[in-house]
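Student: Could we go through this structure together and ask how each label is earned?
Tutor: Happily! Here it is.

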Amino acid sequence: MSDDTSAVLIRALDAAHAAGREVRFWLRDDDAVAPTPALDRLLTLSAAEGVPVTLAVIPRDTGAALAERLASAPLARVAVHGWAHENHALPPRKKQELGPDRPAETVLAEIARGREKLSALHGARLLPLLVPPWNRIAPGVVAGLPALGFTALSTFGPEDPTAPMRAINTHVDPIDWHGSRSLCPEAALWQGAAQRVADLGTGPVEGTVGLLTHHLVHDAAIWDFVERFIALTRAHPACRWIDPAEVIASSSR
Ligand SMILES: [Zn+2]
């Protein structure tokens with residue numbers, strides 16, 4: 001079974017604790033549009049563990065039913081996940097909705113429409129955070145985001161400290177998208193999380209460890225990993241699971 005490839009993360013958290021460091025974790029879950037049994041499972045996990053969850057919601061396809069479900073999920077936040085989650089990239093460019101293959105004004109108009117719709121549905125639950133579909137966005141689109149009310153962007157991978165907008169990224173994605181579409185090799189996932197914890201202690205980086213999930217496509221192995229990841233970190237004194245509003249609020253940019 002999975003036994004103890006997770007020990008590497010515990011050791012990294014132990015080292016952080018010994019150095020007096022707090023490590024902030026956050027949970028981003030992508031592609032929600034409506035209540036489903038899988039969403040219920042995620043929200044139940046979030047509530048049981050006291051872990052806030054940020055749902056990156058696809059504006060075009062969502063509606064009041066999701067807002068009604070989240071009314072009884074006080075730890076849930078919402079972020080704008082593009083507009084329709086449609087690919088507009090011209091081959092051979094990788095899939096993206098907010099990329100450089102359409103005029104930035106066109107893309108920004110869609111994002112603005114998405115933000116307005118989600119704001120009307122979710123009110124204060126909506127964060128000023130954009131999550132680009134496929135984690136990709138053109139620089140010309142980023143430049144227009146502050147005027148739309150966004151103060152932060154979330155993609156996947158290490159944050160670029162020179163980026164023009166505050167980034168609150170994700171760093172651990174358990175899904176093997178290009179292979180089995182089930183759980184990635186577990187040892188690599190724990191090692192990646194441990195490395196991120198270590199990296200946060202080596203410089204002036206004010207960062208988090210972001211866990212990225214996609215509740216609609218989780219199989220049993222992925223749910224099991226996510227549940228163990230959260231339980232294991234929650235129990236560690238160096239770890240604190242945060243609402244990303246905390247990071248956005250502390251942003252100097
Ligand atoms: Zn997505």
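Tutor: First, this is a predicted model, where local features need pLDDT of at least 70, side-chain atom pairs count only at pLDDT 80 or more, and totals for chains, interfaces and linings use all residues. Residues are numbered from 1 along each chain as its sequence is written, and side-chain values use heavy atoms, with hydrogens and water left out.

Student: What makes Pro, Gly and Arg fall into their classes in the lining of the largest cavity?
Tutor: Ala, Val, Leu, Ile, Met, Phe, Trp, Tyr, Cys and Pro count as nonpolar, Asp, Glu, Lys and Arg as charged, and the others, Gly among them, as polar. The lining includes P100, G99 and R102, and its residues divide into three nonpolar, three polar and three charged.

Student: Which residues are donors of the zinc ion?
Tutor: D31 (OD), H81 (NE2) and H85 (NE2) coordinate the zinc ion at 2.1 Å. Donors are N, O and S atoms within 2.8 Å of the metal (3.2 Å for Na, K and Ca), and water is not among the atoms, so sites may look incomplete. Along the chain, the donors follow the spacing D-x49-H-x3-H.

Student: Why is H81 called buried?
Tutor: Buried means under 20% relative accessible area, exposed over 50%, and partly exposed in between (1.4 Å probe, protein chains only). H81 has a relative accessible area of 1%, so H81 is buried.

Student: And what is H85 called, buried or partly exposed?
Tutor: The relative accessible area of H85 is 21%, so H85 is partly exposed.

Note on methods: 1 Å grid on protein atoms, 1.4 Å probe; cavity = no way out; pocket = protein on both sides within 12 Å on 5 of 7 lines; lining within 4 Å.
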